[in-house]
Amino acid sequence: MKGLMIGLLMLLLPAFCIGKEQSAQLVISGKLIDTETKDPIPYANIYFENNYFGTMSNEEGEFELKVGALPVTLVVSHLAYHTRQLTVNKEQVGIIALDPNIIVLKEVSLSLPQSEINHILAVAEDKNSSLNYGKAFFRKLQKVDKTYTELQEMFFDASFSSHGIEGWIPKNARYAVPKHEKDRYFVFTNYIYLTGLSFYTREESDILNPISNQASQYYDLSFVGVRWDGDRKIGEIKAKAKANLGKPALEGSIFYDADTYDLVALQWFVRYHLGASTEKETKNARYDFAVSFKPPKASRVFLEKIEISFQGEIYATGKYRNVNIRSVCFVYEYAPSLASKSEQFTPINLETEEMSVVDQLPYAAAFWDENPVIKQTGVEKEVVRSFNKTGSVGNAKFTIKSKK
């Protein structure tokens with residue numbers, strides 16, 4: 001078990017490297033830090049200026065990106081920092097420092113005009129309701145008490161809109177779990193449905209959300225202020241649920257372009273089990289969501305990434321156990337040509353059981369050994385190799401057949 005815990009912890013911190021073509025020979029690498037604190041900046045986005053293809057930094061602020069030739073122009077962005085654009089002429093970029101964004105207006109309480117909220121929603125729906133297509137990566141890491149019990153990674157073709165991931169075609173998947181079932185406690189079989197974000201964008205949802213024509217009925221709204229990102233002015237509206245609503249409610253912030261009302265980011269949380277207690281009793285459940293969008297091209301805003309975390313207590317094996325899950329879904333390449341396969345996409349919704357969907361995928365160990373998307377360290381290769389030997393790595397099925 002100790003080896004599994006160390007192995008999964010190491011797998012949490014890989015350099016996240018996405019290559020557009022396996023034939024690309026050049027690898028750009030660097031590290032992002034805060035200009036003032038010198039701390040690493042995790043989960044920042046690094047992409048090509050002309051086509052939005054790219055990668056994101058890992059928890060240590062490190063990144064790698066394969067390119068066909070140099071020089072290239074990269075854009076580095078993060079909601080909390082000013083966006084940087086830089087021309088790269090060599091593979092070793094070194095340290096890239098980002099300046100923190102500063103709110104230039106102090107938070108004030110006010111009755112926000114409902115017309116403004118309505119306009120933000122209307123613009124978002126108008127620009128993002130149509131489907132876009134691309135390639136996506138999904139990673140989930142689960143920890144029960146002090147033990148890592150599951151790592152899941154998947155690559156898939158995705159259709160998406162302002163409602164999140166709408167549909168998918170799974171391509172490759174793998175997982176790592178404890179060899180013995182008694183050490184797994186439980187699993188979420190449909191966690192990926194949360195990337196669909198349907199629970200806060202559909203009128204029939206059982207969960208209230210501020211992006212609604214009735215927002216002022218359920219929320220106290222305040223204007224936090226604006227921050228400048230180059231020439232772009234980003235506003236923030238904070239929504240706090242009113243008391244005694246009788247329904248769970250998403251709370252948090254809407255970040256938007258203060259001039260065009262394009263969505264920039266959503267940061268929500270909700271104290272609700274969201275189906276986690278279907279089979280197990282749940283206490284103190286909370287989900288946090290961080291959704292970001294790339295700046296608009298051709299009057300359309302593109303989904304960038306969805307980070308989801310779960311914290312709570314779930315009753316398993318005779319006691320309540322502390323559960324912590326972190327996941328990220330990242331659209332790393334936009335691929336309009338996938339629209340020709342639209343009929344092949346399986347919808348993402350509450351009934352989506354990702355394990356049954358990918359059950360038919362053969363586990364391709366060679367793909368994970370040589371794939372151009374995630375850089376593996378030497379330690380990670382040894383961990384995955386050991387999982388392969390013990391039957392603890394597979395094609396994302398939760399029912400593991402351990403070798404005798």
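Helices here are DSSP runs of H or I with at least four residues, and strands are runs of E with at least two, both numbered from the N terminus. With that in mind, colour the chain by secondary structure: you should find seven helices and 21 strands. Keep in mind as you go that this is a predicted model.

**The whole chain**

Start with everything in view. The chain has 404 residues, and 54% of them are buried. Switch on the surface next: its accessible area comes to about 18,300 Å², with 49% belonging to carbon and sulfur atoms. If you display contacts, take those with a separation of 6 or more; 66% of these join residues 24 or more positions apart.

**Into the nonpolar cores**

Now hide the surface and select F156, I165, Y191, Y287 and F310. These are the residues with the most contacts inside the largest nonpolar core, which has 55 residues. Add residues 300–316 to your selection: this is strand β18, and its six residues are the largest share that the core receives. Then move to I41, A44, F48 and V76, which are among the 25 residues of another core, lying apart from the one you just left.

**Ring by ring**

Aromatic side chains are the next stop, and the structure holds eleven aromatic pairs. Select Y256 and Y261 to begin. Why does this pair count as stacked? The ring centres lie 5.8 Å apart and the planes stand at 0°, so the pair falls in the stacked class, for which the planes must be under 30 degrees apart. Both tyrosines, Y256 and Y261, are buried.

Go on to Y287, one of the core residues you selected earlier, and show F289 with it. Y287 and F289 are stacked too, at 6.2 Å centre to centre and with 20° between the planes. Are these two residues buried or exposed? Y287 has 1% relative accessibility and therefore counts as buried; F289, at 3%, also counts as buried, since the limit is under 20%.

For a larger group of rings, select F137, F155 and Y332, which ring pairs link into a cluster.

**Charges over rings**

Two last selections bring charged side chains into the picture. Show K283 with Y320: the charged end of K283 sits over the ring of Y320, 4.1 Å from its centre. Then show R286 with F269, where R286 lies over the face of the ring, at 4.1 Å from the ring centre.

Conventions
Residues numbered from 1 in each chain as written. Predicted model: local features only at pLDDT ≥ 70, side-chain atom pairs only at ≥ 80, totals over all residues. Heavy atoms only, no water. Phe/Tyr/Trp six-rings, centres within 6.5 Å; stacked < 30°, edge-to-face > 60°. Buried < 20%, exposed > 50% of the residue type's maximum accessible area, 1.4 Å probe, protein only. Lys NZ or Arg CZ within 6 Å of the ring centre and 35° of its normal. Core = buried A, V, L, I, M, F, W, Y, C linked by side-chain atoms within 4.5 Å. Contact = heavy atoms within 4.5 Å. Areas by Shrake-Rupley, 256 points an atom, 1.4 Å probe, with all protein chains shown as cover.
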